[in-house]
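Colleague: Could you walk me through this one? I'd like to start with a pair of packed helices, then move on to the charged contacts.

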Amino acid sequence: MGTSGSFGGGRPMVPSWVGEPAPEPAAPPAEPPPDGPDGAPDDGQAPDGPPQAPTPPAPYPPIVPPAPGQSFRGAKTDMSSGTRSGSGDRIRRGAGKFVSTGGGGRATARQMGSSRAVAGGIAGLASAISQSGPTEALRRFNLEGLAGAPAEEVFVALTDALCPPGGTIDEALARHALLETIAALAAEGLGNFDELSQDDLQEVFIGVVARSIEGKILNEVGTNAIKLAEDTAAVERAQRMLHTFVVGCVRDRFQAAGDTLSTLDTSQIDQYVTDLYAASLELMQTLGEAE
């Protein structure tokens, strides 16, 4: 199963160097002397000395990141307006501008290494459960004794294994995304861990991907934008609208891929998760720009 092309529909990221003036054409190679490469009669023998190594090609110019401090001004403006007015259109537009300013979906996904790792851990867990059962799947985390425990308790322990407390902001966002997802699903009733279906595990996975994206947007854009609202209800409303938008994009791209977590091979998971993040972010950009 190929994963890199299964999330189609996104826009390619255009590097910053595209559109610069084309370099001058290289000069044609000089004509060799008529008798041989060194002016000696050509007797068909190889010249003395080791052969010259070919000149390596020049590397591509690096992609220039957005200027710090000015990157997300347009996104913040839309998020602020959407929070105050209750406009879902402005919230979605702000989220789309966030992705665009960050260089597109794949560039933004690359910045979320810890979140991708946690989501990949959940995907790997679901795959292992389908192949060898919950006890063996938890053994890789030294948690096999919790197989029959309440699912919420097991996932809290998994959070500590996948993303321990402390560390970078990205690690904190990844940890929060998993804990928040489990809290939301536990409110609906998860039951014991060994009773979870693949659909349950899929919801955990989608929730982690979506909430980690939301967390990144709120951390980099929404913290200052949403706090401008005059009341707590407006803030909560804006966060609900952002969540609905993001989780809808993630679910759309997950379903469009046509894969299930249970069928993923271990070697495919990292690329699959990266592609899902990129495709979801690209869809957010496309829909946000359409508002």
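Modeller: Gladly, and please keep in mind throughout that this is a predicted model. Helix α2, residues 88–101, packs with helix α9, residues 232–257, at an angle of about 60°, and their axes are 10 Å apart.

Colleague: How would you class that angle, α2 to α9: oblique or something else?

Modeller: The angle of about 60° makes α2 oblique to α9, because the range counted as roughly perpendicular runs from 65 to 115 degrees. As for handedness, the crossing in which α2 passes α9 is right-handed.

Colleague: Which residues make the contact of α2 and α9?

Modeller: On the α2 side the contact is made by Gly88, Ile91, Arg92 and Ala95, and on the α9 side by Ala238, Met241, Leu242 and Phe245. Sorted by character, the residues of this contact of α2 with α9 divide into six nonpolar, one polar and one charged.

Colleague: Arg92 is in that list. Which residue does its side chain meet in a salt bridge?

Modeller: The side chain of Arg92 meets that of Asp89 in a salt bridge, at 2.3 Å from N to O. Both residues belong to helix α2, where they are three residues apart, or about one turn of the helix. Arg92 counts as partly exposed at 25% relative accessibility, and Asp89 also counts as partly exposed, at 35%.

Colleague: How many salt bridges does the count come to?

Modeller: The count comes to 13 salt bridges, going by a cut-off of 4 Å between the side-chain nitrogen and the carboxyl oxygen. One of them joins Asp78 and Arg93, whose closest N and O atoms are 3.8 Å apart. Asp78 lies in helix α1, residues 73–85, while Arg93 lies in helix α2, so this pair ties together parts that are 15 residues apart in sequence.

Colleague: And is Asp78 buried or exposed?

Modeller: Asp78 has a relative accessible area of 2%, so it is classed as buried, whereas its partner Arg93 is partly exposed at 25% relative accessibility.

Colleague: Any other salt bridge you would point out?

Modeller: Arg139 forms one with Glu144, and here the closest N and O atoms are 3.7 Å apart. Arg139 is partly exposed, with a relative accessible area of 38%, and Glu144 is likewise partly exposed, with 27%. There is also a network in which salt bridges that share partners join Asp78, Arg90, Arg93 and Lys97.

Colleague: Changing topic, where is Thr159 found?

Modeller: Thr159 is found in helix α6, residues 151–162, and it counts as buried at 1% relative accessibility. If its neighbours within four places in sequence are left aside, Thr159 is in contact with Pro164, Arg175, Leu178 and Leu179.

Colleague: What about Pro165, is that one buried or exposed?

Modeller: Pro165, which is found in the loop between α6 and α7, is exposed, with a relative accessible area of 57%. Leaving aside the neighbours within four places in sequence, its contacts are with Asp160 and Arg175.

Colleague: How far apart in space are Pro165 and His176?

Modeller: From C-alpha to C-alpha, Pro165 and His176 are 9.8 Å apart in space, and in sequence they are eleven residues apart.

Notes:
Residues are numbered from 1 along each chain as its sequence is written. This is a predicted model: local features need pLDDT of at least 70, side-chain atom pairs count only at pLDDT 80 or more; totals for chains, interfaces and linings use all residues. Side-chain values use heavy atoms; hydrogens and water are left out. Axes are lines fitted to C-alpha atoms, for helices over the stretch in contact, and angles run from 0 to 180 degrees between N-to-C directions. Helices (H or I, at least four residues) and strands (E, at least two) are DSSP runs, numbered from the N terminus. A crossing is left-handed if the near helix is turned anticlockwise from the far one by less than a right angle, and right-handed if clockwise. Contact means heavy atoms within 4.5 Å. Ala, Val, Leu, Ile, Met, Phe, Trp, Tyr, Cys and Pro count as nonpolar, Asp, Glu, Lys and Arg as charged, and the others, Gly among them, as polar. Buried means under 20% relative accessible area, exposed over 50%, partly exposed in between (1.4 Å probe, protein chains only).
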